Amino acid sequence: MTRDTTLRLLTALLADLPQAIETGDQLIRLINRAYAQLGDMDEDVTAEDIDALLKKIRATSARIQSFG
Amino acid sequence: MKTIVNVLVCASTLVLATACALLAPFGLDARARSAAAVLLETHAVLQQAVLIYGHLPACTTPPLVHVCREPRHWLAIRQAERLATDAILAAAPVLDGAAPDTGEILRAIEAIDALTRALGEGRRAAETRDRKETAP
């Protein structure tokens, strides 16, 4: 599995979290596996990858801060 | 729902520790950028935990629902999230290799850790309330 595939898996997982996850054990297994694969990868992360992550974080933060 | 928040906090703590370990021995080359991506993903996971907590109904007295959101903890969690995101955005030029690190990464890690603690306090408060409600 490539780093990009792992990132896509994580993104899909997090986007549908309440629907996709039936148990906490399932979630922790998925996240641990995905991050272990990320850590083992030798592929370079580009500046664009970092920018995309930063945009996602900024957008989610705006959602959180808009809550009452 | 509470289980999911608990697991997200535990998983994020684990990943944060991993990210710190990965970032420490490297300069900000491509390999370190990969570790930076892990750090950012960690925060993104924590943000999902915050969103889940934020969607819970507010706690009331007497309690109307089993799992709820306490306004005091929600305020602290939101504030910690904002500070962590601000710290990450301040570290952005360092994370993408455009600027040297003058402590921005450490501040971002500390802010993410503070968010993890705020979520943990919310979780512990929920557990304490649970025990009181279910006590005979």
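Four short exercises on this predicted model follow, each with a worked solution.

Residues are numbered from 1 along each chain as its sequence is written, and chains are lettered from A, ligands numbered from 1, in the order in which they are written. Because the model is predicted, local features need pLDDT of at least 70 and side-chain atom pairs count only at pLDDT 80 or more, while totals for chains, interfaces and linings use all residues.

**Exercise 1. Confidence in chain A**

Find which elements of chain A have the lowest and the highest mean pLDDT.

Solution.
- pLDDT is the predictor's confidence in each residue, from 0 to 100.
- Start with the whole chain: the mean for chain A is 66, and 34% of its residues reach 70 or more.
- Now the elements: helix H2 (residues 17-20) of chain A is lowest at 47, and helix H4 (residues 47-66) of chain A is highest at 89.
- Over residues 18-23 of chain A the pLDDT is below 50.
- Where pLDDT is low, the predicted coordinates should not be read in detail.

**Exercise 2. Elements and burial**

State the elements of each chain and its share of buried residues.

Solution.
- Helices (H or I, at least four residues) and strands (E, at least two) are DSSP runs, numbered from the N terminus.
- Chain A has four helices and zero strands. Chain B also has four helices and zero strands.
- A residue is buried if 20 or more other C-beta atoms lie within 10 Å of its own, exposed if 12 or fewer, and partly exposed in between, with C-beta atoms placed from the backbone.
- Of the 68 residues in chain A, 19% are buried. Of the 136 in chain B, 38% are.

**Exercise 3. The largest nonpolar core**

Identify the helices that each supply at least two residues of the largest nonpolar core.

Solution.
- Such a core is a set of buried Ala, Val, Leu, Ile, Met, Phe, Trp, Tyr and Cys residues joined through C-beta atoms within 7 Å.
- The largest has 31 residues; B:Leu40, B:Ile88, B:Ala108 and B:Leu115 have the most contacts inside it.
- The helices are H4 of chain A, plus H2 (30-55), H3 (71-95) and H4 (104-134) of chain B.
- H2(B) gives the largest share, ten residues.

**Exercise 4. A helix pair across the chains**

Describe how H4(A) and H3(B) cross.

Solution.
- Their axes (lines fitted to C-alpha atoms over the stretch in contact) come within 10 Å and cross at roughly 160 degrees.
- Therefore H4(A) is roughly antiparallel to H3(B) (angles over 145 degrees).
- Residues making the contact (C-beta atoms, placed from the backbone, within 7 Å) include A:Ile50, A:Leu54, B:Thr85 and B:Ile88.

How values were computed: Two residues are in contact if their C-beta atoms, placed from the backbone, lie within 7 Å. Axes are lines fitted to C-alpha atoms, for helices over the stretch in contact, and angles run from 0 to 180 degrees between N-to-C directions. Angles under 35 degrees count as roughly parallel, over 145 as roughly antiparallel, 65 to 115 as roughly perpendicular and the rest as oblique.
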